[in-house]
Amino acid sequence: MSPRANWKGYLKIDEVACPVALYTAASTSDRIAFHTINRSTGNRVRRIFVDSETEKPVERDEQVKGYETGPDDYIVLTPEEVASAVPESDKTLAISAFVPCGSIDDVYLDKPYYIAPSEPHAAESFVLIRDALAKRKVAALAEAVLFRRVRTLLIRPHGDGLIASTLNFDYEVRSAADAFDKIPSMKIKGEMLDLARHIIDSKAGRFEPDTFEDRYEQALAELVKAKAEGRKPKAVKPRKSAKVVDLMDALRQSAGAGAGKTKEKPAKVKKAS
């Protein structure tokens, strides 16, 4: 079954326009989802919005948006007023600039989408754009109205197609200095750094996402299956707690444990949980 496009429009570079479609590249739709149930009756619970003062239900056509300016003080916006702020869409991914691949800080990357031609006759222009980006080792910056908002996207070659990542706005990205300001300034050298390098070399691996384990999802699946079969679910073994030890001793022990490993067959990268 062919995937459903999230958006269709045109990828445009100057006078070259290519009809394309965007497809979700990462989704949480396959995760186990639960409904809220009334424990007493076994029926699903329905959400009802109520007035915070009168506690009476508020029908959907009586619900409007409100921006809080003070305690219990709001600027009320009607659906029509909110809709008027939505920018008009010309269904165009207009490329404005080309930047070196890897020049965008990862913290700005938001959500990935696959880009593919939406019409058979678009293959030639699509491949031209894809191969030109790959040959020059650059990514394209484009702007489009996606899901009611103007978004900037970073477009890169990806296999036979392209991948577009929506970018966070600058005001959405928090300063790293706020998180790192308490890290002391120091320089590690000597045996300690040599041991750390040895540990890194002994654990060299490849990025293999198919080996990642979502232990929480697996545990939920086992729990649901066990309940459906009327049996007791398998016990989940807790991970051992990390102990605070002398850093040099810990490095020596880790280096000793990895001494017998070779770099000829890199280990698979396992996801920590």
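**Notebook: the core and the overall form**

I looked first for the largest nonpolar core of this predicted model, and found that it has 23 residues, with Leu 11, Val 20, Leu 22, Leu 93, Ile 115 and Ile 155 having the most contacts inside it. By such a core I mean a set of buried Ala, Val, Leu, Ile, Met, Phe, Trp, Tyr and Cys residues joined through side-chain atoms within 4.5 Å, where buried stands for under 20% relative accessible area with a 1.4 Å probe, protein chains only.

I then noted the elements that each supply at least two residues of this core, among them β1 (7-13), β2 (16-24) and α2 (123-136); β7 gives the most, with 5 residues.

I followed Val 20 outward and, leaving aside neighbours within four places in sequence, found Val 20 in contact (heavy atoms within 4.5 Å) with residues including Trp 7, Leu 11, Leu 93, Ile 115 and Phe 126.

For the whole protein I noted 6 helices and 11 strands, taken as DSSP runs (H or I, at least four residues, for helices; E, at least two, for strands) and numbered from the N terminus. The radius of gyration, over C-alpha atoms, is 26 Å, well over the 19 Å that the globule rule (2.2 Å times the number of residues to the power 0.38) gives for 273 residues, so the protein is more spread out than a compact globule. I also recorded that buried residues make up 21% of the 273 residues.

On conventions, I kept in mind that residues are numbered from 1 along each chain as its sequence is written, and that side-chain values use heavy atoms, without hydrogens and water. Local features need pLDDT of at least 70 and side-chain atom pairs count only at pLDDT 80 or more, while totals for chains, interfaces and linings use all residues.

Notes: Buried < 20%, exposed > 50% of the residue type's maximum accessible area, 1.4 Å probe, protein only.
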